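Here are my notes on the model you sent. They are set out as numbered points, starting with the fold and ending with confidence.

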Amino acid sequence: MKPDRRMLISAGVVTAIVVGGVSVATTASAGRLEQAVKEQADQARAKEAQKKTAPAPTRQPVAPAVEETGTLPEELVDVLPDVVERHLSVDPGATADHWTTERLQGAEPMPMPQVSISVVTPSD
């Protein structure tokens, strides 16, 4: 097949479009990168300036937050049907006491779950 004039012109136009698109994308991403670097530098300078001018915070004891919802757990079942709640009677400290160094060294990992897929096809 011998390329004719129209094919060469078409190939040239496609090449120009692709090269133009690549150059626009490269320029846009480079500009965004420069802008991001400048923004990070500005933020770092602002943090440094804030550290220099701000007095050291004083530590004061804070009372733990207590949230009073006013709803009973039975009422929450209707509101949040997908939430599962279980109260554990085991002391967390007992778990830590159970796992001694010797037991940790002899511990075996849980077996990996096995998944099997059965494809049912209609038989003739």
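How many helices and how many strands does the protein chain have?

1. The protein chain has four helices and zero strands. Read from the N terminus, the order of elements is α-α-α-α. Please keep in mind that this is a predicted model, with an average pLDDT of 76 for the protein chain.

2. On burial, the figure is plain: buried residues account for 0% of the 124 residues in the protein chain. A residue has to fall under 20% relative accessible area to be called buried. The accessible surface of the protein chain is about 12,900 Å². Carbon and sulfur atoms contribute 61% of that surface.

3. Two salt bridges turn up in a search of the whole structure. Side chains of opposite charge can pair when their charged atoms come close. The two pairs are taken one at a time below.

4. One salt bridge joins the side chains of Asp42 and Arg45, with 2.7 Å from N to O. That distance counts because the cut-off for a salt bridge is 4 Å. How far apart are Asp42 and Arg45 in helix H1? They are three residues apart in helix H1, which spans residues 5-53, so about one helical turn separates them. The contact between the side chains of Arg45 and Asp42 is also listed as a polar contact, at 2.7 Å.

5. Are Asp42 and Arg45 exposed or partly exposed? Asp42 has 44% relative accessibility and counts as partly exposed. Arg45 reaches 56% and counts as exposed, because the exposed class begins over 50%.

6. The other salt bridge links the side chains of Arg6 and Asp4, at 3.7 Å from N to O. Arg6 is exposed, with 68% relative accessibility. Asp4 is partly exposed, with 33%.

7. Where does Asp4 lie relative to H1? Asp4 belongs to the segment before H1. A polar atom of the Asp4 side chain lies 3.2 Å from the backbone nitrogen of Met7. The side chain of Asp4 thus appears in two entries of this note: the salt bridge with Arg6 and the approach to the Met7 backbone.

8. Which residues make the nonpolar surface patch of about 290 Å²? The patch is made by Ile9, Val13 and Ile17. Val13 lies in helix H1. With 45% relative accessibility, Val13 is partly exposed. A residue needs over 30% relative accessible area to enter a patch, so Val13 passes that cut-off.

9. On confidence, 70% of the residues score a pLDDT of at least 70. Which element has the lowest mean pLDDT, and which the highest? The lowest mean, 59, belongs to helix H2, residues 73-79. The highest, 89, belongs to helix H4, residues 101-105. Where pLDDT is low, the predicted coordinates should not be read in detail.

10. To recap the main entries: the protein chain has four helices and zero strands, and 0% of its residues are buried. The salt bridges are Asp42 with Arg45 and Arg6 with Asp4. Ile9, Val13 and Ile17 make a nonpolar surface patch. Helix H2 carries the lowest mean pLDDT among the elements.

Methods: Residues numbered from 1 in each chain as written. Predicted model: local features only at pLDDT ≥ 70, side-chain atom pairs only at ≥ 80, totals over all residues. Heavy atoms only, no water. Helix = DSSP H or I, 4+ residues; strand = E, 2+ residues; numbered from the N terminus. Buried < 20%, exposed > 50% of the residue type's maximum accessible area, 1.4 Å probe, protein only. Areas by Shrake-Rupley, 256 points an atom, 1.4 Å probe, with all protein chains shown as cover. Polar contact = N/O pair within 3.5 Å; in protein donor to acceptor, adjacent residues only side chain to side chain. Patch = residues over 30% accessible without salt bridge, like charges linked within 9 Å, V, L, I, M, F, W, Y side chains within 5 Å. pLDDT = per-residue confidence, 0-100.
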